Structures are given as C-alpha cells and as structure tokens.
Amino acid sequence: MLKWALIFLVISIVAGFFGFSGISAATATIARVLFGIFLVIFLVFLILALMAGQAIF
C-alpha cells in the first residue's frame with residue numbers, strides 16, 4: 001500500500017510539473033488517503049506485535 005501511495009505521489013508531482021492541476025490534486029488526494037490507511041494498519045500490527053511479545057514473556 002505504501003508503494004501505491006508513493007507511485008501516486010510521483011504521478012501527482014509530474015502532473016503538476018506539466019500543468020495538469022486537476023489530475024495532480026486528485027492523485028495527491030489518493031496518495032494521502034493510501035498513506036493514511038497504511039499508517040493505521042501499521043500501528044494496529046505494531047500494537048498487536050507488542051501485545052503478543054508480552055504474552056510470550
């Protein structure tokens with residue numbers, strides 16, 4: 001998911017460079033949403049891993 005967020009970020013930057021502001025804004029929004037989803041999933045798995053580590057020891 002992080003890979004897709006970075007791809008959309010690059011597309012947004014290139015589109016903005018060439019003057020396609022509508023496409024740039026849309027892809028930037030998609031990249032922001034994907035990064036947010038990635039961050040939430042990462043934090044959930046981090047918390048689960050810490051809880052599992054405490055249960056073992």
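Student: Is Val44 buried, exposed or partly exposed?
Tutor: This is a predicted model, and in it Val44 comes out as partly exposed, because its relative accessibility is 44%.

Student: Okay, and which helix is Val44 in?
Tutor: Val44 is found in helix α2, which runs over residues 21-56.

Student: Which nonpolar residues make a surface patch with Val44?
Tutor: Val44 shares a nonpolar patch with Met1, Val33, Ile37, Val40, Ile41, Phe45, Ile47, Leu48 and Met51. The patch covers about 940 Å² of surface.

Student: What does UniProt list for residues 35-56?
Tutor: The UniProt entry, which is unreviewed, gives residues 35-56 as "transmembrane region". That label comes from the record. In the model, the span is 100% helix and 0% strand.

Student: How far apart are the ends of that span?
Tutor: The C-alpha atoms at the two ends of residues 35-56 lie 31 Å apart.

Student: Switching topic. How many helices and strands does the chain have?
Tutor: Two helices and zero strands. The chain is more spread out than a compact globule, because its radius of gyration is 17 Å, well over the 10 Å that the globule rule gives for 57 residues.

Student: What does the C-alpha trace span along its principal axes?
Tutor: About 55 × 15 × 10 Å.

Student: And how much of the chain counts as buried?
Tutor: Of the 57 residues, 12% count as buried. As for the surface, the accessible area of the chain is about 4600 Å², and 84% of that belongs to carbon and sulfur atoms.

Student: Let's pick on the serines. Is Ser24 buried or exposed?
Tutor: Ser24 is buried, because its relative accessible area of 14% falls under the 20% cut-off. Ser24 sits in helix α2.

Student: What does Ser24 touch, skipping residues up to four places away in sequence?
Tutor: Ser24 touches Ser12, Ala15 and Gly16. Of those, Ser12 lies in helix α1, residues 2-17, so you can follow the contact from Ser24 in helix α2 over to Ser12 in helix α1, given that contact means heavy atoms within 4.5 Å.

Student: Why does Ser12 count as buried?
Tutor: Because the relative accessible area of Ser12 is 8%, and buried means under 20%.

Student: Which residues does Ser12 touch, with the same sequence neighbours left out?
Tutor: Ser12 touches Ser24, Thr27 and Ala28, not counting residues up to four places away. You can also check Ser12 against Thr29: they are 17 residues apart in sequence, and their C-alpha atoms are 9.1 Å apart in space.

Student: One more, Val14. Where is that one?
Tutor: Val14 is in helix α1. Val14 counts as partly exposed, because its relative accessibility is 41%.

Student: How far is Val14 from Trp4?
Tutor: Their C-alpha atoms are separated by 15 Å, with the two residues 10 apart along the chain.

Terms used
Residues are numbered from 1 along each chain as its sequence is written. This is a predicted model: local features need pLDDT of at least 70, side-chain atom pairs count only at pLDDT 80 or more; totals for chains, interfaces and linings use all residues. Side-chain values use heavy atoms; hydrogens and water are left out. UniProt positions are given in the numbering used here, feature names are shortened, and annotations may be inferred rather than shown by experiment. Helices (H or I, at least four residues) and strands (E, at least two) are DSSP runs, numbered from the N terminus. Buried means under 20% relative accessible area, exposed over 50%, partly exposed in between (1.4 Å probe, protein chains only). Patches are made of residues with over 30% relative accessible area and no salt bridge: like charges are joined within 9 Å, nonpolar side chains (Val, Leu, Ile, Met, Phe, Trp, Tyr) within 5 Å. Accessible areas come from the Shrake-Rupley method with a 1.4 Å probe; for residues, only the protein chains shown count as cover. A salt bridge is a side-chain nitrogen of Lys or Arg within 4 Å of a carboxyl oxygen of Asp or Glu. The radius of gyration is taken over C-alpha atoms; the globule rule is 2.2 Å times the number of residues to the power 0.38.
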